[in-house]
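Biologist: Please take a close look at a single part of this model, namely the way its pieces are held against one another. I should like the cut-offs stated as the terms arise.

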There are 2 protein chains.
Amino acid sequence: MDERKWLLDLLNVEEQQVSEKQINILQAAIEMFAEKGYAATSTSEIARRAGVAEGTIFRHYKTKKDLLLAIVKPTLFQSVAPFLAKKFVKDVFENEYEHYEQFVRAVFQNRYEFVKTYLPAIRVFWQEMAFHSDIKAQFQTIFINHVYEKFKQIVEHFQQKGELAPLPPETIIRLTITTIAGFLFTRFLLMPDYPWDDEQEIERTIQFLMNGLKA
Amino acid sequence: MDERKWLLDLLNVEEQQVSEKQINILQAAIEMFAEKGYAATSTSEIARRAGVAEGTIFRHYKTKKDLLLAIVKPTLFQSVAPFLAKKFVKDVFENEYEHYEQFVRAVFQNRYEFVKTYLPAIRVFWQEMAFHSDIKAQFQTIFINHVYEKFKQIVEHFQQKGELAPLPPETIIRLTITTIAGFLFTRFLLMPDYPWDDEQEIERTIQFLMNGLKA
DNA sequence: CATAAAAATGAGTGAGTACTCACTTTTTAT
DNA sequence: ATAAAAAGTGAGTACTCACTCATTTTTATG
């Protein structure tokens with residue numbers, strides 16, 4: 001993807017709304033926050049890497065924390081994006097996905113591409129969530145009100161069709177998410193240099209998940 | 001567990017080797033690093049919380065990073081402790097565990113207790129591993145030379161007995177670890193306030209794992 | 001108790017921090 | 001072409017940082 005476009009895409013803004021220098025600042029901040037962490041990165045370093053004066057950062061973002069939130073908030077939303085789409089659950093009920101496996105496959109593929117594309121910003125989001133209770137709270141709210149809510153309907157739908165084990169929906173949701181996230185975490189964060197055969201490993205992971213969850 | 005003892009236990013040292021003030025320093029550091037992160041915690045804050053002068057910290061630990069390593073290194077070793085025991089693999093081969101399920105059950109129970117007991121120190125270890133490449137490198141070395149090595153033997157043993165699917169051992173290891181770690185992560189870090197029925201949820205997780213991996 | 005060694009102290013140090021603001025440069029509108 | 005607005009600058013500010021070291025307090029030994 002184009003170097004400039006992916007950031008605009010992640011932040012979900014139009015080209016005209018942000019200046020070139022602003023993009024440089026965001027890009028530098030994402031890279032350095034991902035590498036050394038928010039607290040260990042100074043605004044002077046970000047300015048140097050972005051090729052702007054330190055004051056320019058504070059013209060666009062009132063505080064350093066504001067700059068962090070400008071990165072983290074859109075990433076948080078994009079992280080759960082499929083579940084924010086209105087027609088997502090409808091697609092499932094109208095037999096867009098005949099089986100749970102097809103649904104899982106679609107989500108898995110989608111989130112794989114997402115992590116691959118936005119890895120540094122995702123790193124920042126997950127790392128800093130541990131230290132900033134406001135970010136964590138916002139994540140939990142969105143998760144409960146959007147992801148969990150819709151996921152539960154989908155799981156119950158396939159349980160009624162007799163495809164999934166009669167476990168509590170929250171258990172099935174947890175196992176599904178941690179299995180997918182477990183692969184992505186191992187693949188991109190823990191062992192990014194291992195010679196992965198992504199397609200095959202995703203296939204194995206899906207088979208494992210379906211076997212584990214079948215009625 | 002006694003307030004003083006768990007730390008000595010984690011650090012694997014005798015009572016006489018560390019002074020009372022030293023324990024206070026370590027305890028304060030673990031708590032604050034876990035909460036706000038290493039970089040965002042100042043040595044003056046640690047000293048205040050520990051009830052010692054700032055200089056006392058530097059008498060025991062040459063640098064702030066040294067203090068971090070004094071916490072992280074023992075936690076890293078304890079994290080993979082079962083796999084460091086010499087008789088661990090022997091136990092498996094001598095039918096201490098007749099089935100893979102019994103082995104998984106033992107490891108799961110053991111690591112559940114470990115995380116429950118040392119949660120703050122584990123937080124520090126995992127959070128800071130993302131920012132300190134020396135810590136990450138040490139973890140990878142130990143994992144490859146001890147955990148992976150022995151785990152592979154065990155998996156192949158049960159594959160030969162026809163208990164496990166003919167997947168690559170590294171895939172089975174990954175799925176086993178991420179399933180267990182996925183539960184512990186959700187249980188203790190992501191949603192510690194959710195009203196968990198631990199025993200039942202562990203049971204469901206093991207059933208899911210065994211169904212997913214069976215031949 | 002006397003004395004030496006060890007442990008603890010906290011004011012002090014230079015380097016670096018997030019952020020400000022008076023000023024310059026660039027862009028936009030007419 | 002010109003004026004107004006917006007964007008960009010970087011030296012300056014008050015403050016915090018990890019770390020030092022001369023001094024005091026505690027402990028150990030005869």
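Modeller: I begin inside one chain: between domain 1 and domain 2 of chain A, seven residue pairs are in polar contact, both partners at pLDDT 80 or more (a polar contact is a pair of N or O atoms within 3.5 Å; within protein, one must be able to donate a hydrogen and the other to accept it, and residues adjacent in sequence count only if both atoms are side-chain atoms). On the domain 1 side that touches domain 2, helix H1 (5-11), helix H2 (20-36) and helix H5 (64-79) of chain A each supply at least two residues (helices, H or I of at least four residues, and strands, E of at least two, are DSSP runs numbered from the N terminus). H1(A) gives the largest share of that side, four residues. By class, the same side of domain 1 has eight nonpolar, one polar and two charged residues (Ala, Val, Leu, Ile, Met, Phe, Trp, Tyr, Cys and Pro count as nonpolar, Asp, Glu, Lys and Arg as charged, and the others, Gly among them, as polar).

The basis of these values should be stated. This is a predicted model, in which local features need pLDDT of at least 70, side-chain atom pairs count only at pLDDT 80 or more, and totals for chains, interfaces and linings use all residues. Residues are numbered from 1 along each chain as its sequence is written, chains are lettered from A and ligands numbered from 1 in the order in which they are written, and side-chain values use heavy atoms, with hydrogens and water left out.

The domains of chain A are domain 1 (2-68) and domain 2 (72-211), with bounds that come from an automatic or database domain assignment. Their centres, taken over C-alpha atoms, are separated by 28 Å. Eleven residues of domain 1 are in contact with 15 residues of domain 2 (contact means heavy atoms within 4.5 Å). One salt bridge is counted between the two domains of chain A (a side-chain nitrogen of Lys or Arg within 4 Å of a carboxyl oxygen of Asp or Glu). A:Lys65 and A:Asp134 form a salt bridge, with their closest N and O atoms 3.1 Å apart. The two domains bury about 1200 Å² between them, 65% of it on carbon and sulfur atoms (buried area is the accessible area, with a 1.4 Å probe, that two parts lose on being put together, summed over both). Of the area that domain 1 buries against domain 2, A:Leu10, A:Ala34 and A:Leu68 supply 48%, more than any other three residues.

Chain A as a whole has eleven helices and zero strands. Its C-alpha trace spans about 60 × 35 × 30 Å along the principal axes. Of its 215 residues, 49% count as buried (buried means under 20% relative accessible area, exposed over 50%, and partly exposed in between, with a 1.4 Å probe and protein chains only). Among contacts in chain A with a separation of 6 or more, 67% are between residues 24 or more positions apart.

The second contact lies between the chains. Here 40 residues from chain B meet 40 residues from chain A. The area buried between the two chains is about 2900 Å², of which carbon and sulfur atoms give 62%. B:Phe131, B:Arg174 and B:Phe208 supply 25% of the area that chain B buries against chain A, more than any other three residues. The rule finds two salt bridges across this interface. B:Arg174 and A:Glu201 meet through their side chains in a salt bridge of 3.0 Å, N to O.

Twelve residue pairs are in polar contact across the interface of the chains, both at pLDDT 80 or more. Helix H2 (20-36), helix H8 (100-129), helix H9 (133-160), helix H10 (169-190) and helix H11 (198-213) of chain B each supply at least two residues of the side that touches chain A. H10(B) contributes the largest share, twelve residues. That side of chain B divides into 21 nonpolar, eleven polar and eight charged residues.

One residue of chain B deserves a closer look. B:Glu201 is in helix H11 of chain B and counts as buried, at 6% relative accessibility. Its side chain and that of B:Arg204 are joined by a polar contact of 2.8 Å. Leaving aside residues up to four places away in sequence, B:Glu201 touches A:Thr171, A:Arg174, B:Phe183 and B:Trp196.
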